[in-house]
Amino acid sequence: MPTYYRIAPLLANQPLGATVEVRGWVRTRRDAKGDFSFLEINDGSTPANLQVIAEARLDNFANEVRRLTAGCAVEVVGTLVASPAKGQAVELKAEAVNVRGWADPEHYPLQKKRHSFEYLRTIPHLRPRTNSLGAVARLRGALSFAIHRFFNQRGFVHIHTPIITTSDCEGAGEMFTVTSLDLEHLPRTADGRVDKTRDFFGQPASLTVSGQLEAEVYALALGNVYTFGPTFRAENSNTSRHLAEFWMIEPEMAFCDLAGDIDLAEALLRQLIGEVIDAHPADLDLFCRYVDKTLAQRLDAVANREFARITYTEAVARLERSGRSFEFPVSWGADLQSEHERYLTDEVFKGPVVVTDYPKRIKPFYMRANDDGTTVAAMDILVPGIGEIVGGSQREERFDQLAARMDEMGIDREQYGWYLDLRRYGSAPHSGFGLGFERLVQFVTGMANIREVIPFPRTPGSAAR
Ligand code: 4AD
Ligand code: MG
């Protein structure tokens with residue numbers, strides 16, 4: 001009986017002389033004159049292919065093996081031998097090649113040449129079969145697992161916050177409505193307005209933009225918690241770093257101030273990147289070679305260097321002094337645009353930078369007011385090439401300050417009564433942040449567009465498949 005192997009461990013262990021079976025998809029077939037063919041097989045476990053030698057003595061050689069093309073699914077049994085040729089250390093001498101699925105070469109869209117990422121986006125159901133998108137998927141999975149490991153090691157409880165919600169955490173009004181009403185026949189109130197009390201939940205509901213508010217509930221009961229789930233934003237941003245559906249990691253810690261919050265975010269990023277560098281050299285190497293030549297150096301800067309820290313006020317001063325003419329003018333009180341963030345990371349600090357204490361006017365209601373009355377205990381972590389990857393804050397734990405801020409911003413105290421209760425009963429200083437998972441995967445792979453790092457990107461005007 002042959003031993004079934006995935007190609008990654010087979011190439012790593014090289015059990016020469018063993019009879020093994022591999023299962024995967026043909027990348028190429030090359031015919032040597034007359035009596036044998038080379039098949040390159042990929043099974044999704046590594047970017048490397050396994051070379052298979054299929055000889056004419058195989059009973060299906062003429063009518064099947066010689067008809068194999070890119071994309072065909074095969075199971076191959078054979079003996080692993082040292083390869084006499086350059087390019088691979090071992091190869092599989094086939095005793096049987098079973099074809100499980102054909103792929104019509106007239107129509108199969110992935111041919112041997114390199115396809116552009118834009119083109120691959122039009123075939124999201126086939127693109128994970130390419131080297132680069134396969135490597136993205138493996139690294140994405142590895143990062144997800146490493147995130148859970150990080151928090152687990154530190155005693156954080158993983159909680160599941162709801163996807164359907166009646167609160168707008170970020171207060172930006174960028175929420176997708178969830179309704180079961182028939183849009184063609186809407187129930188109306190006496191004055192002709194849509195009667196939302198007759199909707200599924202008896203009130204308007206949306207897809208969550210963040211699990212933070214619910215995470216705060218659990219932090220103020222369990223201490224340290226985190227949520228890691230999909231979040232949704234109906235913002236009309238057609239950029240290389242915005243998605244309408246993205247995943248976010250949100251830790252929340254009781255008895256923790258802004259400095260502790262930054263320390264945790266920095267430790268998380270450093271550990272994740274360190275682990276990927278150690279555990280996934282083959283996938284990472286692909287990105288360093290073919291996607292972004294400066295990647296290794298940038299990852300190294302995160303894994304091994306302290307992040308720079310500056311206040312928003314200092315950052316604005318630096319930008320004003322830069323002598324640059326930015327597309328968006330810099331002035332105290334305006335939000336930093338990505339060109340400003342890039343200037344700070346790529347040119348001033350040449351690495352990640354933590355910007356703190358933003359003006360309260362440009363930040364959500366829940367951030368803790370600083371004593372100066374104009375800024376809040378907020379922090380954003382900016383990284384080269386991407387800009388903002390983490391956004392977080394210390395939360396306003398003082399009832400009076402929070403209630404006053406909500407009134408100022410027109411947020412209904414009654415609707416958020418449960419949130420205010422957390423400040424009525426056993427309130428404690430607490431902090432947390434959100435790490436955008438796709439921005440993290442973008443940073444680790446060097447992929448220029450966020451649409452390449454999530455399997456099925458949802459962006460304005462696009463949600464096919
Ligand atoms: O800065 P944001 O909006 O913060 C929050 O939602 C807080 N409630 C998080 C918290 O404190 N628990 O979003 C956090 C991060 C951003 O830094 C960015 O990395 C990512 O989420 N992000 C997006 N990623 C992809 N597409 C979008 N449209 C994103 N919007 C935010
Ligand atoms: Mg933000």
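**Around ligand 1**

Let's start at the ligand: one of its nitrogen atoms sits 3.4 Å from a polar backbone atom of Phe433. Keep in mind that this is a predicted model, so read that distance as a computed value, like everything else here.Two further polar contacts fill in the picture. On the side-chain front, Glu170 brings an N or O atom to 2.7 Å from a nitrogen atom of ligand 1. Gly436, in turn, uses its backbone, with an N or O atom lying 3.3 Å from an oxygen atom of the ligand. As for how much of the ligand is wrapped up, the protein covers 94% of the 630 Å² of accessible area that ligand 1 has on its own.

Now step back to the whole shell. There are 25 residues around ligand 1, and the ones that come nearest are Glu170, Gln212, Arg233, Glu250 and Glu388. By character, the shell splits into nine nonpolar, eight polar and eight charged residues.

Where do these residues come from? Three strands each supply at least two of them: β12 (245–254), β16 (387–394) and β17 (430–436). Of the elements involved, β16 gives the largest share, with five residues. The space that ligand 1 takes up is the second largest pocket.

Zooming out to the full chain, you'll find twelve helices and 17 strands. Its C-alpha atoms fill a box of roughly 85 × 60 × 45 Å along the principal axes, and of the 465 residues in the chain, 51% are buried.

Note on methods
Residues numbered from 1 in each chain as written. Chains lettered and ligands numbered in written order. Predicted model: local features only at pLDDT ≥ 70, side-chain atom pairs only at ≥ 80, totals over all residues. Heavy atoms only, no water. Near = heavy atom within 4 Å. Polar contact = N/O pair within 3.5 Å; in protein donor to acceptor, adjacent residues only side chain to side chain. Areas by Shrake-Rupley, 256 points an atom, 1.4 Å probe, with all protein chains shown as cover. 1 Å grid on protein atoms, 1.4 Å probe; cavity = no way out; pocket = protein on both sides within 12 Å on 5 of 7 lines; lining within 4 Å. Sits in = over half its atoms within 2 Å of the grid points. Helix = DSSP H or I, 4+ residues; strand = E, 2+ residues; numbered from the N terminus. Nonpolar A, V, L, I, M, F, W, Y, C, P; charged D, E, K, R; others polar. Buried < 20%, exposed > 50% of the residue type's maximum accessible area, 1.4 Å probe, protein only.
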